[in-house]
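Colleague: Please take a close look at one part of this one for me, the charged side chains and how they pair up. Once that is done, carry on into whatever else helps me place them.

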Amino acid sequence: MLKTITILCTTIALLIPPLAGNAQQIDYGRSQITFTSRQMNVPVEAKFNKFTAQITFNAAKPESSKATIEVDVGSYDIGYDEFNNEVQKKDWFDTRNFPRAIFVSSSARALGNGRYEARGPLTIKGRAHEITAPFTVKTDASGNSIFEGTFNIRRLQYNIGEGVWKHTDVVADEVQIRFRLHAGGNLPLRK
């Protein structure tokens, strides 16, 4: 009888993957991706209203963590429809030909004190460049994880702002991207 119970428990344990290896669900209502650019040296903040994220994070083994974040660049929102429509065009995001920006990381590295960094290619407008995205992970009262981070990119590396917009005296080359992702096992899935 004991042998049967041991075999049954071992079989169940093998069939159920550990939580740390499962992709965490994202609460999109509380998550956000924003960025700040400088226009004529004045900071301008905007956000992306639509994105998806798949995160598998293991604090004990961060090198086994994975993340894929896809941003619908057509969901760019600066608060003005005229400008939102302008950045859809070829000189900016060219959303007709390149509707998504994608970041993929196959590992993370612990930096200490709840700080980590993920590395991987960020692809925008068909151009991929390796980035390092530092982030922190906190746990809320419900046991859900909150991933927060900030990193910079150079828009001209991705051909964002072509033609007359290549000049950095009007729109700076450096853009700061911020993310806050609420993730956990008991969160609603995005439809």
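Modeller: Arg109 has a relative accessible area of 46%, so it counts as partly exposed, the band for that label running from 20% to 50%. Keep in mind that this is a predicted model. The partner of Arg109 is Glu117, and their closest N and O atoms are 2.8 Å apart in a salt bridge. Glu117 falls on the other side of the cut-off: with a relative accessible area of 10% it is buried, because buried means under 20%. That gives you a salt bridge between Arg109 and Glu117 with a partly exposed arginine and a buried glutamate.

Now look at Asp173 and Arg154, which also form a salt bridge, with 3.8 Å between the closest N and O atoms. The cut-off is 4 Å, so a pair at 3.8 Å still counts. Asp173 sits in the loop between β11 and β12 while Arg154 belongs to strand β11, so this salt bridge ties together parts 19 residues apart in sequence. On accessibility, Asp173 is buried at 17%, whereas Arg154 is partly exposed at 41%. There's a network to check out too: salt bridges with shared partners join Asp27, Arg30 and Asp140.

One more pair is Glu86 with Lys89, whose side chains meet in a salt bridge at 3.2 Å, N to O. Here both ends are partly exposed, Glu86 with a relative accessibility of 28% and Lys89 with 47%. The full tally is 11 salt bridges. In general terms, side chains of opposite charge can pair when their charged atoms come close.

To place these pairs, step back to the fold. The chain has two helices and 12 strands, in the order α-β-β-β-β-β-β-α-β-β-β-β-β-β from the N terminus. Of its 191 residues, 38% are buried. Taking contacts between residues at least 6 apart in sequence, 57% join residues at least 24 apart.

Then there's the inside. The count comes to one cavity of 30 Å³ or more, and the largest cavity holds about 660 Å³ of space. It is lined by 40 residues, and Ile33, Val71, Leu122, Phe151 and Ile177 come closest to its centre. Elements giving two or more residues to that lining include β2, β4, β5 and β7, along with β9, β10, β11 and β12. So how does the lining split by class into nonpolar, polar and charged residues? There are 32 nonpolar residues, six polar ones and two charged ones. Strand β11 turns up in both stories, as a contributor to the lining and as the home of Arg154.

Last stop, the aromatics: there are 14 aromatic pairs. In one of them, Phe35 and Tyr76 have ring centres 5.5 Å apart and planes at 40°, so that pair is tilted. Phe35 lies in strand β2 and Tyr76 in strand β6, so the rings link parts of the chain 41 residues apart. Phe35 and Tyr76 are both buried. Ring pairs also extend the picture into a cluster made of Phe35, Phe48, Tyr76, Phe83 and Phe93.

Definitions and conventions. Residues numbered from 1 in each chain as written. Predicted model: local features only at pLDDT ≥ 70, side-chain atom pairs only at ≥ 80, totals over all residues. Heavy atoms only, no water. Phe/Tyr/Trp six-rings, centres within 6.5 Å; stacked < 30°, edge-to-face > 60°. Helix = DSSP H or I, 4+ residues; strand = E, 2+ residues; numbered from the N terminus. Buried < 20%, exposed > 50% of the residue type's maximum accessible area, 1.4 Å probe, protein only. 1 Å grid on protein atoms, 1.4 Å probe; cavity = no way out; pocket = protein on both sides within 12 Å on 5 of 7 lines; lining within 4 Å. Points joined across faces, edges and corners; volume = space filled by probe spheres on them. Nonpolar A, V, L, I, M, F, W, Y, C, P; charged D, E, K, R; others polar. Contact = heavy atoms within 4.5 Å.
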